[in-house]
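Thanks for coming. I have one structure to go through today, and here it is on the screen.

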Amino acid sequence: ILGCLLTPCSGRVVIQGQPVDYSRKAETIGLRRTQIGFVFQQGQLLPFLTMEENVRIVGRNAGLGREEIKSRTDELMARVNVSHLRHKTPRQASRGEKQRVAIVRALIHRPKIILADEPTAALDWENGKTVMGLLTEIGERENCILLTVTHDIRLANMFTRRFHIDQGIVSEA
């Protein structure tokens, strides 16, 4: 619902001070393109694009200029150690490499909200720490909210606020 992919049954969602009107499809698409970054558990990269193209398409859809897209892509790919993959397709990369590119894709347009579903599940602990460090650093630097779902207690302990869901009951940990 917060990612503007599903419509709530009741209540309302406010993003950047504006209530989301889910009945206006163009508005919700615009919010996803400019305000929200998604990191899916399986990456969800487009297989017919190169890794760099998978990142750049999000920047273009968000309305960033060519030079900004290039510079952000270069910076972020280097930060998560995937620059060497820029001209490869997802089929030519490991699961962990694909996930790191997916994280770059989520950050390229400087979203105000990053929704991450098990963002480090495909990574070893060292790469996971690097990626989470990048996500939290960018979140703080760019005043962005990072919401992460994880089963990894080590990852959960990196956050200042944690919530636990047990049998449908949400409580602050």
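I will go through the sheet, then the core, then one loop residue.

This is a predicted model, so to speak of local features we need pLDDT of at least 70, side-chain atom pairs count only at pLDDT 80 or more, and totals for chains, interfaces and linings use all residues. Residues are numbered from 1 along each chain as its sequence is written, and side-chain values use heavy atoms, with hydrogens and water left out.

Start with the sheet. It is open, with 3 strands in the order 3-4-5 and parallel pairing. Helices (H or I, at least four residues) and strands (E, at least two) are DSSP runs, numbered from the N terminus; two strands pair if DSSP finds at least two bridges between them. Strand 3 and strand 5 are at the edges, each with a single partner strand, so one side of each has no neighbour in the sheet. Neighbouring strands are turned by 10° against each other on average, direction ignored. Axes here are lines fitted to C-alpha atoms, for helices over the stretch in contact, and angles run from 0 to 180 degrees between N-to-C directions.

Now strand 4, residues 113-117. Of its 5 residues, 4 are buried, meaning under 20% relative accessible area; exposed is over 50%, and partly exposed is in between, with a 1.4 Å probe and protein chains only. Strand 3, residues 36-39, is joined to strand 4 by 4 bridges, and Phe38 has Leu115 as its bridge partner. On the other side, 5 bridges pair strand 4 with strand 5, residues 145-149. Ala116 stands opposite Thr148, and Asp117 has Val149 as its bridge partner.

Next, the core. A nonpolar core is a set of buried Ala, Val, Leu, Ile, Met, Phe, Trp, Tyr and Cys residues joined through side-chain atoms within 4.5 Å. The largest one has 30 residues, and Met51, Leu107, Ile114, Leu135 and Leu146 touch the most other members. Helix 4 gives the largest share, 6 residues. Which residues does Ile114 touch, not counting those up to four places away in sequence? Among them are Gly37, Val39, Leu107 and Leu135, where contact means heavy atoms within 4.5 Å.

Last, Met158, in the loop between helix 6 (153-156) and strand 6 (163-166). Is Met158 buried or partly exposed? Met158 is partly exposed, at a relative accessible area of 35%. Leaving aside neighbours within four places in sequence, Met158 is in contact with Trp125, Lys129 and Met132.
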